[in-house]
Amino acid sequence: MNEIVKPKAAPVPRATDTTLTREYYVSQEVFEREVEKVFFRQWSFAGHVSQIPNVGDYFLHSYVGESIIVVREGPETVRAHFNVCRHRGSQLTRADQGNVKRLTCPYHQWTYELSGQLKRAPMMPDAECIDYDKLALRSASVEIWAGMIFVNLSASPEQTLIEALGQPPEGLLKLEPENLKEICRDRMVVGANWKTLLENYLECYHCAGSHPELGVAFDIQASYEQTGSWGGNCFIGGEPVRKGFVTVSMTGELVSKPLGLHAGDGTLELEVTEGLGLLPVLTRVLFHIDHAIIHVMNPISVNEVEWTTRWYVRSDAVEGVDYDPERVAEVWRATNREDKELCERNYKGVLSRTFTPGPLNPRAEGALRPVLDLYLQLIE
Amino acid sequence: MNEIVKPKAAPVPRATDTTLTREYYVSQEVFEREVEKVFFRQWSFAGHVSQIPNVGDYFLHSYVGESIIVVREGPETVRAHFNVCRHRGSQLTRADQGNVKRLTCPYHQWTYELSGQLKRAPMMPDAECIDYDKLALRSASVEIWAGMIFVNLSASPEQTLIEALGQPPEGLLKLEPENLKEICRDRMVVGANWKTLLENYLECYHCAGSHPELGVAFDIQASYEQTGSWGGNCFIGGEPVRKGFVTVSMTGELVSKPLGLHAGDGTLELEVTEGLGLLPVLTRVLFHIDHAIIHVMNPISVNEVEWTTRWYVRSDAVEGVDYDPERVAEVWRATNREDKELCERNYKGVLSRTFTPGPLNPRAEGALRPVLDLYLQLIE
Amino acid sequence: MNEIVKPKAAPVPRATDTTLTREYYVSQEVFEREVEKVFFRQWSFAGHVSQIPNVGDYFLHSYVGESIIVVREGPETVRAHFNVCRHRGSQLTRADQGNVKRLTCPYHQWTYELSGQLKRAPMMPDAECIDYDKLALRSASVEIWAGMIFVNLSASPEQTLIEALGQPPEGLLKLEPENLKEICRDRMVVGANWKTLLENYLECYHCAGSHPELGVAFDIQASYEQTGSWGGNCFIGGEPVRKGFVTVSMTGELVSKPLGLHAGDGTLELEVTEGLGLLPVLTRVLFHIDHAIIHVMNPISVNEVEWTTRWYVRSDAVEGVDYDPERVAEVWRATNREDKELCERNYKGVLSRTFTPGPLNPRAEGALRPVLDLYLQLIE
């Protein structure tokens, strides 16, 4: 396990920042404000293009209680429709994924094109009984960058995805993120406010004491240092691996074939750690030389947040030959389990009527306050 | 399955009506207003006289969270008392049914006559310690029409049952509704607002696509047409059976002995379909030549409604000889199961923050808006 | 079972008191007011000194959703700290009991002395980064009387424990309450408002009809009479046992060795029934010649209250030789089970929108109104 090394000479900065007051973590009213001001306005990872290669392929994306149909309309077009019929509101589909020519509501057979356009309402002809043009499915915004599908619940977001990303991590493109396949997905519901889980992710002050697996695979001191640059609604960069390690694994050895341009590369560059993060509701994309990890946070209620981790390898890697899913997922699966325990215990304390936020460690928790300030700005 | 036949020549009416805005289906505050303004003011079916033939017979009636003791006080008198002791409020009885001489609270043995009058409070003699006359059980209103017991939670309803029924379906009396026995009762809790379930019942636009069994047994086109006359807090009429069918069954053949004056009738009249409905919280009474069905809706919370269906045959019919309960219940049991699925799926969509009500089909959903208007009038 | 004997000559007093209106038992808002005005201001039993004989011994005390670490700091000092780290709020410990040198938060290893003083925050040196003196654990108040540990969630209670007790029952000291051991603990969650359970305890009007075991072991008539003296936030006295009985048991015979100075006493005094009660959230301490019972009420939510009963015998009594835990617990275990049923049934009735409080029996429910008045005074 890594020792936390205190820099020798640097003066100790005075701690002045804290997390938020109790109200923000426990109030139903605050949560409802967040739905409107935060959750309906932010880009969040929904899935990968490999899930919907063909026209008509779709998957359901659940986010803050909303059900979204992410569907391939054409070779170059993907749509994100709210799963709500424009007639009486019935959900159009419950299957997690599938392929359809059109979307037909099972209640009264109203039928929509993949574009969302109303195609047919039985016994209610267009232009005579109703105007089909005014009854298209309501849509969220969807954009794809490097094979990754992002959704924003707003129909007219303040920023495009690219604007939100700022300077997208170009180095990541060499890893060909579009040529991946998902090999594993873990979902867990954490019994805590989503901001408690967010804060947990934003610092590694707790890592040495609680994450033996991360301690093996990562360079925790470098992690500390980089969080200082986080802030704004996007940050760029991966998690630095331990010196001498090629990737995130318990041995430091590859757990799958190198990605993209690195395939067949005899002289692997070390420290290929690319990634990005979207805030304040965290989407965290992490690329290493041989696999990628995407974490997504989904607030369910004031005291529950879903945390989903997906693992990807290159699409032509063969299970059992090139990779073993257990080994690929090992480090973060253990870490997630540990974080769930930490966050639920933290939240139990926050629920105490005596809780007041204490001082943050300026050397290791520097990323929290800028993100919380961003959050406050959004909801005020 | 019946095809929905679109009338050839009729001009297509413009759809102008919609259901209600999301707030009405999801707001706790609206639900509480409904308790006061609707649920405590409306007549609803509670049971059949055959359940309480003898003095002292009682059954518990649950409605919107209230427990009501419906008890036969005398040969001609039935009472409906709130199951709440006037001393400290304990429930007097938990047994679903039984026979009692008096009602004794198990907590402190306060004892009430079947009329509700306080008879004895141990150690608290009448006129000395307390006035027994002021401590009778609180009562709901109860009326019986044609053997059917209806309850109104108000002690002084604005309308008597007969006033509420308007023109009671006299044709129904030939079927001798008082000479029935209950052979089957299904309860289900639907995870939806009660008005979502109501709307589902008020239209058959969805029937062809979702109810194969109703499609066999009913004349869906005729059903469409009759709903046009619904409105007000009561409507008269049954559900028309398919041409050539004698009753509601999967084969169209009798599933029990003909009721009332039709017994031994060699030349059965076809299309004996009598019935009535009470609104907006639906009680639906359906009589066919050989059996009766009574559906009752019981709102439990803003997102749960209980739906109970009872099946009746003539009281002297013999199970295994004259009827098989499975065959009697077959059509509606399947239909209820299908409707539960449809309504829960509909309600999931209504919960979306993007839901807005769409246009109703003027030809097939004509009964919804008048009933919703009645509802709005009651709660405003 | 005891007959309730109505005094022959006494005039019957007029009943004028009632319990509270429905709002007080069902309102979430009232519950929150109670947290502040009642639950955070009252002394309540938390445990016995025998649970923490050595320095560093601790146990967790749960009360109205708060978790409190009751820990022995020194031979003469016991502390009660809120189980909430002053850094980000994490719970420090989840183990129900244990022994520690210091309290270390598992999240970021902040470490506190048993006194609550912050000892070390990794990477955050005292006086440089933060002021340790300002970051001691928040504490509740704790006091010990006769070996019994009482906690008040307020850091500065309006009354000391001794002031709250008024005239502590000195007779109880002869029984050496500090020389006890707990042999049995029952917890149950009653689905009722805590005041419904309180009212149940405050009267024995219901005992004859509902508690056959109490009827065997107690002198119910004497119980009636003594409740008249209850009131204020403390009352003194035990529950009088049946004439001819030596202790509370189904046979009236000893169920363990006599306590304290009575050990080896050939001529046992009858009617050693000492005790005290703290109000309005009830702690009830009952001592008999050979064992003690302590009941504690813990409000969990507006419609749930935890009721914990602990049984104690003298610390040198040997299980299987001097006592059988089943026999010691028998009477109150059965009584608790019966009271749970009564209270839940009572609360179901109180939930009826038609509930209004009725007249209290001035002869047998005389203790209710003074206690309810005390409660009203506290929350207004």
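This report walks through how the chains of this predicted model relate to one another and how two helix pairs pack in chain C.

Residues are numbered from 1 along each chain as its sequence is written, and chains are lettered from A in the order in which they are written. Because the model is predicted, local features need pLDDT of at least 70 and side-chain atom pairs count only at pLDDT 80 or more, while totals for chains, interfaces and linings use all residues.

**How the copies are arranged**

Let's start with symmetry. Chain A lands on chain B after a rotation of 120° with 0.1 Å of shift along the axis, at an RMSD of 0.0 Å. The two copies are therefore related as by a three-fold rotation axis. The superposition is a least-squares fit on the C-alpha atoms of residues with pLDDT of at least 70 in both copies. Which residue of chain A comes closest to the rotation axis? That is Gln28(A), with its C-alpha at 8.0 Å.

**Where the chains touch**

Chain C and chain A each give 25 residues to their contact, and chain A and chain B likewise give 25 residues each to theirs. Residues are in contact here if their C-beta atoms, placed from the backbone, lie within 7 Å. On the side of chain C that touches chain A there are 12 nonpolar, 7 polar and 6 charged residues. The side of chain A that touches chain B has 12 nonpolar, 7 polar and 6 charged residues. In this scheme Ala, Val, Leu, Ile, Met, Phe, Trp, Tyr, Cys and Pro are nonpolar, Asp, Glu, Lys and Arg are charged, and the others, Gly among them, are polar.

**Two helix pairs in chain C**

Helices are DSSP runs (H or I, at least four residues) numbered from the N terminus. Their axes are lines fitted to C-alpha atoms over the stretch in contact, with angles from 0 to 180 degrees between N-to-C directions.

| Helix pair | Axes come within | Crossing angle |
|---|---|---|
| α4(C), residues 194–202, and α8(C), residues 325–350 | 10 Å | roughly 125° |
| α2(C), residues 28–39, and α9(C), residues 368–379 | 9 Å | roughly 100° |

The angle between α2(C) and α9(C) makes them roughly perpendicular, a label for 65 to 115 degrees; under 35 is roughly parallel, over 145 roughly antiparallel and the rest oblique. Their contact is made by Arg33(C), Glu34(C), Lys37(C) and Val38(C) of α2(C) with Tyr375(C), Leu378(C) and Ile379(C) of α9(C). By class, that contact of α2(C) with α9(C) has 4 nonpolar, no polar and 3 charged residues.

Key: Two residues are in contact if their C-beta atoms, placed from the backbone, lie within 7 Å.
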